[in-house]
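Dear colleague,

I am passing on the structure below, together with a short account of what was found in it. Please read the account with the structure open beside you.

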Amino acid sequence: MTLLSFLRRRVLGKASSIIKRVVVPAVGVVLVLRLLTSQPAHNPPHPTNLILPGEAIDPIFEKQVGIGHTSMVRGHHKEPLEGLPVVPQPSPVLRDHPPPPIPPPAQPPALPTSNSHRATGSSGKESSGKESSGKKSSGKKSSGKAKPSSSWSLASANITDSHKVRFKGHAITNQTVTLTLMSSSDKVFMSLNKREIYRNLGDRGLHVVVINQHSGKVMARQVFDTFSAGVEEEMVEFIDDVRDGRIIVFAVLDEASKNLSWRGRNKLKELGSRWSDKLAYRDMWALVTRKGGLKMAETYSNVATADTGYEWGGPVFLRTDFDLEEEDGECGWPENERNDARRVFCSRYDGYGAICDCGVTSWSDVFFHADDQLHQQLSQKKLYKDLGVVILASDRPHYLYKTLKAVWEAPGVNRERVVVYADAHRREITAVARLFGVHLVVEAQRGNSSKQHIRHKVQRVFRDVLGAKFSSDTMPEGNLPDDTLPPFSCSYLLLLEDDIQVSIDIFKFLYAVSPVLERDPSVLAISSFNYFGYRDVANSLTTVYRTSELNPLALLLPATTVHQYLAPKWLVANATKEWYNPLEEALKAVPGRALLYPEVPRARHMGYRGVAIEGGIQHNFFRDHVLALTTDYDLSDAEVLKLESTQYEARLLQTLKNSETIRFDFCKHDLLYKENPLVIYVAYNGSRSDEASITYIFGCLRTWSLYAEAGWRGVWQFHYHGHWLSVVAVPLSPYSYLKPTDYEVVTAPPTTTTTPAPPSSRSTTTTPPPSSS
């Protein structure tokens, strides 16, 4: 018997029963349990399948980290992955073509279901937290149906497991999206599921992008140059106007901290920011947060600690993933035409405040109601049917909305005669115009400079609305379109810009003063704006002044002025001067010609961004302008008649003769509050080189002091501390002879920028006043 036979018979034969009854079943049970509980083997992905911070952002960084196969991983500058929906890029502006159709309204919104998220940052300090679901907004109703997967979701975007951001305890679902962003000294870039949603390579400041928490679509894009003074006020207002629940993304380009004061930093802290207080000069910073909830991710790079070799903080890269809400919450507004327009508008755009507030159930509740009875009275005026309102708009839809809202709230506006002239077919501008139901005319930019663009646009306005005729050499290249139907025709035109805020009584004021245009041919136009409209010197609602200086803001132009003085002298097509240059020359050509303007402004400039405006100028010279806030006053016909040339001159002369001469330095010793008229004589010959003394006095009055503006025959008048104060320029004014012989005219004290005046004419003042400049 061989050894093999012995083992098979003697050993295995005795154990066969044990193997059959115990071992085999046990092994089978173990195998079944292992099969049921085990996970498929997960092999670490190849480096070419990883999404590193910034991989889909910067081609230079992509080369540095050694990502190779473009068939697996592609930057934003490459072709999209196969099966990945193509990012809708902004199409080039279409010239003289009808605007693109607005897409159908979004599905009804619903309540949130999941808010899980995690984040990672690649530079500087990092922080992430689990976001609370937040409170449900009042006034919303549930659609009752689960919303299908968004086009931005991982499933629709064909993102593989190796591309997902995995974190312990976070389940990746079809509604999970991954946001990647970069903030640096020369670039801000954002992508959602590797699809570009925002890029900016040149605008300094804080870049803000608002994302819909249900669909993942971008609702608003704004750039706030908080390097400039005052811009943070606009940023805070915009954030307050965004609806709760929206995803808000912040990123710095170049510099955003110099004039970011406690107001702006506290607002960012309310949104969950940890590093906003520490943001310093040229630091890089990025934040992803949910308004009304907690922040999702934040990263920060300090100049002092960044090892970049540059004067800026190192670029910051941030990635965070969060779940889109499967149900959309729709506002429970009553069903009517106006609310339907609100639903369509608010499903696409955000940052407009009450118009998209679910608690504001009626269209009329969006607006302030002054006096319906006053509107009925003004609608009976002749000018109501003869006045058209034209708003010149650029790519600033939030400004346009505020301007239209202010116009809508003013009693006496004829809403059928309001038209917006835009630069190009822009979806959001079109949506704002449709929301208010006003006319919209798209005038393509013509010319090589901003002055030419504006001049040709105003030229078309005059041709369409007032029927003006222009010579062929003034027409831009390609001429103005002749196959367009004018929105309306009128005899008077109120010309506004999209960053002009009008007062509640602007039409009451214009209807009361406009008869002077017919009675006195020397009055060419009426302006609702006043450069001197500061609180200390703008107090009388019924006081109106004449001036020989042109003020082109918020200008009421009669058709006769356009036909007689503007159209015949219109500048040639390639001229580089402003459109109002012919009107300015007409005012100076004949002594006595005038423009009227109110002491208390009926319009003020509100924009911090524009072709000829920036935050510092707006903050220093226009932000503190007051605006008439009531319609409870009476501008009688007798007062209006005093604005005619002969009566105005007689009243001015009588006022100067009855005024007490100021013989002390009221820049150092303030005037007591009384009601007696006062006069002061200041050295000024009318030239720009001799403005030091007159602007010095304006600075003492805490009003406009950049240069001499809006005087009449060398006289400026204000209501200051109860006094009707007249400032007479010597020797410019013909009323200089009223100066007492023993009176020394006031001159500015010597400074490093002014030449000392002769002792015989020097004032006793010794210290310069505060100046708004």
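**The largest cavity and strand β21**

Strand β26 is the element that gives the most to the lining of the largest cavity, contributing 4 residues. Please keep in mind throughout that this is a predicted model.

To set that strand in its surroundings, the structure holds 4 cavities of 30 Å³ or more, and the largest of them encloses about 110 Å³ of space. Its lining is made up of 16 residues, of which Y545, Y597, A710, W716 and Q717 are the closest to the centre of the cavity. At least two lining residues come from each of three elements, namely β20 (544-547), α18 (645-658) and β26 (715-720). Sorted by character, the lining of this cavity comprises 11 nonpolar residues, 3 polar residues and 2 charged residues.

The other part of the structure to look at is strand β21, which spans residues 555-558 and is covered on both faces, with L555 and L557 buried on one side and L556 and P558 buried on the other. Strand β21 pairs with β17 (residues 492-497) in the antiparallel sense, over 4 bridges, and within this pairing Y492 stands opposite P558. Strand β19 (residues 523-527) also runs antiparallel to β21 and is joined to it by 2 bridges; here I526 has L556 as its bridge partner. Both of the β21 residues named in these pairings, P558 and L556, are thus found again on the one buried side of the strand.

With best wishes

Conventions: Residues are numbered from 1 along each chain as its sequence is written. This is a predicted model: local features need pLDDT of at least 70, side-chain atom pairs count only at pLDDT 80 or more; totals for chains, interfaces and linings use all residues. Side-chain values use heavy atoms; hydrogens and water are left out. On a 1 Å grid over the protein atoms alone, a cavity is a set of points where a 1.4 Å probe fits but cannot get out, and a pocket is an open set with protein on both sides within 12 Å along at least five of seven lines; lining residues have an atom within 4 Å of a point. Grid points are joined across faces, edges and corners, and a volume is the space filled by probe spheres set on the points. Ala, Val, Leu, Ile, Met, Phe, Trp, Tyr, Cys and Pro count as nonpolar, Asp, Glu, Lys and Arg as charged, and the others, Gly among them, as polar. Buried means under 20% relative accessible area, exposed over 50%, partly exposed in between (1.4 Å probe, protein chains only). Two strands pair if DSSP finds at least two bridges between them.
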